[in-house]
Amino acid sequence: MEPTPTEKKFLTIPSEFRDVSRGNPKPYSLKGDDLVKARLTPEDWRLEIVSDGSATVEKPRKLDDDTAIDFKTIEDLGKKHGIKFLKAMQCLNIPQPLGQGLWEGVPLREVLKLVGKLANIRRVYYYGFHNNDPKQLFQSSLGYNSIMETPPWDLPPFIAYRLNGEPISLLRGGPVRLIVPWAHGFKSIKWLHRITLTNDYKANDTYADGNNDPDSYLKTAAYLDEGPDSFKAGEPIAVTGNAVVGWSGLKRVEYWLRPDAGAHGRLADDDPAWKDAKWLPCEIAPAPKDWGGNLPKGVMPKDVWGFDPEKGQPKEWPMRFSLALWTATLKDVAPGAYEFRVRTVDLNGYAQPEPRPYQKSGMNAIQYKPVVVMGKP
């Protein structure tokens, strides 16, 4: 009998996203007047768009003259320019996706049009609310060209205001946050409050500290689910996980099972075993035939970016910037101890962790799982 992998939900319930928020107190813990003063309710939320003095902004939007952009303005823009899109969140320094949601928002370029004519701009700095702890400021940046000149077949950076068909909760960075589809989570600043336009070429990201890569984009990489390590002999074994589909897409997921070498999974990058490894294909879960139970109520597949409006199915599968679910089925495994490893191969033919094995540009080391088969076959 074939093993039956645990069924996974296509969209992560907002409360079940892994929380990596920082700060003391954490912004989503504010209550009452503190929440209002922080402008973290839809009614009180405001967005400033200003220059740092080096860029020219025709009509800056400021708090002090009551021209800052309010929530209703963003919603009204969404009625004309809004896009719904699937996006997996992945932290630069955590070797596991945080969750996947259907985000809804307005391209940042459309919001920038609200300040009129712009000149002398090289970079866009953006900031989220915080308690002003200088070690934990929520800020990031993008090149102006990556906002205004995103290819029309790709997703641009967004100002998002809904997640899975509902208002974005404080826990997830609402009422409004910035989403950069191709990037790790630190670029998608929560509790968005201010945008500063500059002629400076340098990144201002919180993590631009010499160790992390502030312009790193999502890597295509496979990750293991938690699960048992011991199995009965004679029964097929299902090992499951997910893969983040980065900008370079996903061609396949594959696994390598070998007898345990007694090193507790440690295998040096230059170990000869890598060259002799026999990688076998994993099964990638297909796109749902019926999207009715996989999208929020009232959302039609044709309204989601990347779907064919006539067929109601994704134009590519797995979809970039989302999660792919995979299963490796191990059969006729003799009793003993084994090492299980899994990796992705992207559409350029690069096998994980290439082409960027540097872990400070996103953790994508090949993951290991012990497998022990007990008893007689």
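Start by selecting Ile-159. Leaving aside neighbours within four places in sequence, Ile-159 is in contact with Leu-47, Ile-74, Gly-105, Val-106, Leu-108, Val-111, Val-176, Arg-177, Leu-178, Leu-192 and Ile-195, where contact means heavy atoms within 4.5 Å. The model you are looking at is predicted: local features need pLDDT of at least 70, side-chain atom pairs count only at pLDDT 80 or more, and totals for chains, interfaces and linings use all residues. Residues are numbered from 1 along each chain as its sequence is written, and side-chain values use heavy atoms, with hydrogens and water left out.

**The nonpolar cores**

Now widen the selection to the largest nonpolar core, which has 53 residues. A nonpolar core is a set of buried Ala, Val, Leu, Ile, Met, Phe, Trp, Tyr and Cys residues joined through side-chain atoms within 4.5 Å. Buried means under 20% relative accessible area, exposed over 50%, and partly exposed in between, with a 1.4 Å probe and protein chains only. Which members touch the most other members? They are Leu-47, Ile-49, Val-111, Ile-159, Ile-195 and Leu-197. Strand E9 (residues 158–163) gives the most to this core, with five residues. Helices (H or I, at least four residues) and strands (E, at least two) are DSSP runs, numbered from the N terminus. Apart from this core lies another one, of 22 residues, including Leu-224, Val-239, Leu-250 and Val-333.

**Ring pairs**

Next, show the aromatic side chains. Rings of Phe, Tyr and Trp (its six-membered ring) pair if their centres lie within 6.5 Å; planes under 30 degrees apart count as stacked, over 60 as edge-to-face and the rest as tilted. The count comes to ten aromatic pairs.

Pick Phe-71 and Tyr-161 to see an edge-to-face pair, at 6.4 Å centre to centre with 80° between the planes. Phe-71 belongs to helix H2 (residues 71–81) and Tyr-161 to strand E9, so the pair ties together parts that are 90 residues apart in sequence. Phe-71 is buried at a relative accessible area of 12%, and Tyr-161 is buried at 2%.

For a stacked pair, go to Tyr-255 and Phe-340: 5.5 Å centre to centre, 15° between the planes. Tyr-255 sits in strand E16 (residues 252–259) and Phe-340 in strand E20 (residues 336–345), so this pair links distant parts of the chain, 85 residues apart. Both Tyr-255 and Phe-340 are buried.

Then select Trp-182, Tyr-217 and Trp-247, which ring pairs link into a cluster. Keep Tyr-217 on screen and add Arg-356, which lies over the face of Tyr-217 at 4.4 Å from the ring centre. A charge sits over a ring if NZ of Lys or CZ of Arg is within 6 Å of the ring centre and within 35 degrees of the ring normal. Arg-343 lies over the face of Trp-279, at 4.0 Å from the ring centre.

**The mixed sheet**

Switch to a cartoon view and find the five strands that form an open sheet in the order E3-E1-E12-E7-E8, with mixed pairing. Two strands pair if DSSP finds at least two bridges between them. At the edges are strand E3 (69–70) and E8, each pairing on one side only. Strand E1 (residues 46–51) and E3 run antiparallel and are joined by two bridges, with Arg-46 having Asp-70 in E3 as its bridge partner. E1 and strand E12 (residues 192–198) pair in the parallel sense over four bridges, and Ser-51 has Leu-197 in E12 as its bridge partner.

On edge strand E8 (residues 139–143), stop at Ser-140. Is Ser-140 buried or exposed? Ser-140 is buried, with a relative accessible area of 0%. The side chain of Ser-140 makes a polar contact with the side chain of Asp-205 at 2.5 Å. A polar contact is a pair of N or O atoms within 3.5 Å; within protein, one must be able to donate a hydrogen and the other to accept it, and residues adjacent in sequence count only if both atoms are side-chain atoms.

**The antiparallel sheet**

Last, select the open sheet of four strands in the order E13-E15-E19-E18, where the pairing is antiparallel. E13 and strand E18 (283–284) stand at the edges with a single partner strand each, so one side of each is left without a neighbour in the sheet. On strand E13 (residues 221–224), Ala-221 and Tyr-223 point one way and Ala-222 and Leu-224 the other way, and all are buried. Four bridges join E13 to strand E15 (residues 237–244), and Ala-222 stands opposite Ala-243 in E15. At the other edge, E18 pairs with strand E19 (residues 323–330) over two bridges, and Ile-284 stands opposite Trp-326 in E19.
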